[in-house]
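Please open the model in a viewer and keep the selection tool at hand. The tour proceeds one selection at a time.

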Amino acid sequence: MCYKTFDEMPLVLDVVDLADTLSIGRNKAYELVNSGAIESIRIGQQYRIPRDAFKAFIERAVLNSK
């Protein structure tokens, strides 16, 4: 799914949504989640990424690239 703004995103993303939104593979998305680079919540065997955690990850990436 393609989102134009953060407000269009659902409140929580799954790893497939994360990979699709960042245009990366699922393995890389799981690596970001497992390493703690993106804050996530584990429910059973599934990960959920809060929209605010995704936004914070993007903001950190932008600040670090300057």
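Select Lys-28 first: Lys-28 is partly exposed, with a relative accessible area of 38%. Here buried means under 20% relative accessible area, exposed over 50%, and partly exposed in between, using a 1.4 Å probe and protein chains only. The model is a predicted one, in which local features need pLDDT of at least 70 and side-chain atom pairs count only at pLDDT 80 or more, while totals for chains, interfaces and linings use all residues. Residues are numbered from 1 along each chain as its sequence is written, and side-chain values use heavy atoms, with hydrogens and water left out.

Add Glu-31 to the selection. Glu-31 is also partly exposed, at a relative accessible area of 47%. The side chains of Lys-28 and Glu-31 form a salt bridge, with 3.2 Å from N to O. The term denotes a side-chain nitrogen of Lys or Arg within 4 Å of a carboxyl oxygen of Asp or Glu. The structure holds 1 salt bridge. Both residues belong to helix H2 (residues 26-35) and are 3 residues apart, about one turn of the helix. Helices (H or I, at least four residues) and strands (E, at least two) are DSSP runs, numbered from the N terminus.

**Helix H2**

Colour Ala-29, Leu-32 and Val-33, which are buried in H2. They lie on the same side of H2, because they cover an arc of only 95° around the axis. The arc is taken over the directions from the helix axis to the C-beta atoms. These buried residues of H2 pack against H1, S3 and H3. Now turn to the face of H2 that points away from the buried side: the exposed residues Asn-27, Asn-34 and Ser-35 are found there.

Move to Arg-26, which is likewise in helix H2. Arg-26 is exposed, with a relative accessible area of 54%. Not counting residues up to four places away in sequence, Arg-26 touches Val-15, Val-16 and Ala-19; a contact means heavy atoms within 4.5 Å. From C-alpha to C-alpha, Arg-26 and Val-15 are 6.9 Å apart, with their positions 11 residues apart in sequence numbering.

Just after H2, select Gly-36, which takes a positive phi of about 90°. Next comes Ala-37, in the loop between H2 and strand S2 (41-43). Ala-37 counts as partly exposed at 26% relative accessibility. Leaving out residues up to four places away in sequence, Ala-37 touches Leu-32, Phe-57 and Arg-60.

**Helix H1 and the nonpolar core**

Which residues of H1 are buried? Select Val-15, Leu-18 and Ala-19 to see them. They cover an arc of only 95° around the axis, and therefore sit on the same side of H1. Strand S1 (12-13), H2, S3 and H3 are among the elements that cover them.

At the start of H1, show the side chain of Asp-14: one of its oxygens reaches to within 3.2 Å of the backbone nitrogen of Val-16. H1 is followed by Ser-23, whose phi is positive, near 55°. Ser-23 lies in the loop between H1 and H2 and counts as exposed, at 66% relative accessibility.

Return to Val-15 and display its surroundings. Apart from neighbours within four places in sequence, Val-15 is in contact with Arg-26, Ala-29, Tyr-30, Val-33, Tyr-47 and Ile-49. Then select the largest nonpolar core, which has 15 residues; Leu-13, Val-15, Leu-18, Val-33, Ile-38, Ile-49 and Phe-54 have the most contacts inside it. At least two residues of this core come from each of helix H1 (15-22), H2, strand S3 (46-50) and helix H3 (51-64). Such a core is a set of buried Ala, Val, Leu, Ile, Met, Phe, Trp, Tyr and Cys residues joined through side-chain atoms within 4.5 Å.

**Arg-51**

The last selection is Arg-51, found in helix H3. Where is the nearest side chain of opposite charge to Arg-51? Asp-52 is that neighbour, 4.7 Å away, and Arg-51 is buried yet has no salt bridge. For charge, Lys and Arg count as positive and Asp and Glu as negative, with His and the chain ends not counted.

Show the backbone oxygens around this side chain. The side chain of Arg-51 reaches the backbone oxygen of Met-9 at 2.9 Å, and the backbone oxygen of Phe-6 lies 3.5 Å from a polar atom of the Arg-51 side chain. Not counting residues up to four places away in sequence, Arg-51 touches Phe-6, Asp-7, Met-9, Pro-10, Leu-11 and Val-12.

Terms used:
A polar contact is a pair of N or O atoms within 3.5 Å; within protein, one must be able to donate a hydrogen and the other to accept it, and residues adjacent in sequence count only if both atoms are side-chain atoms.
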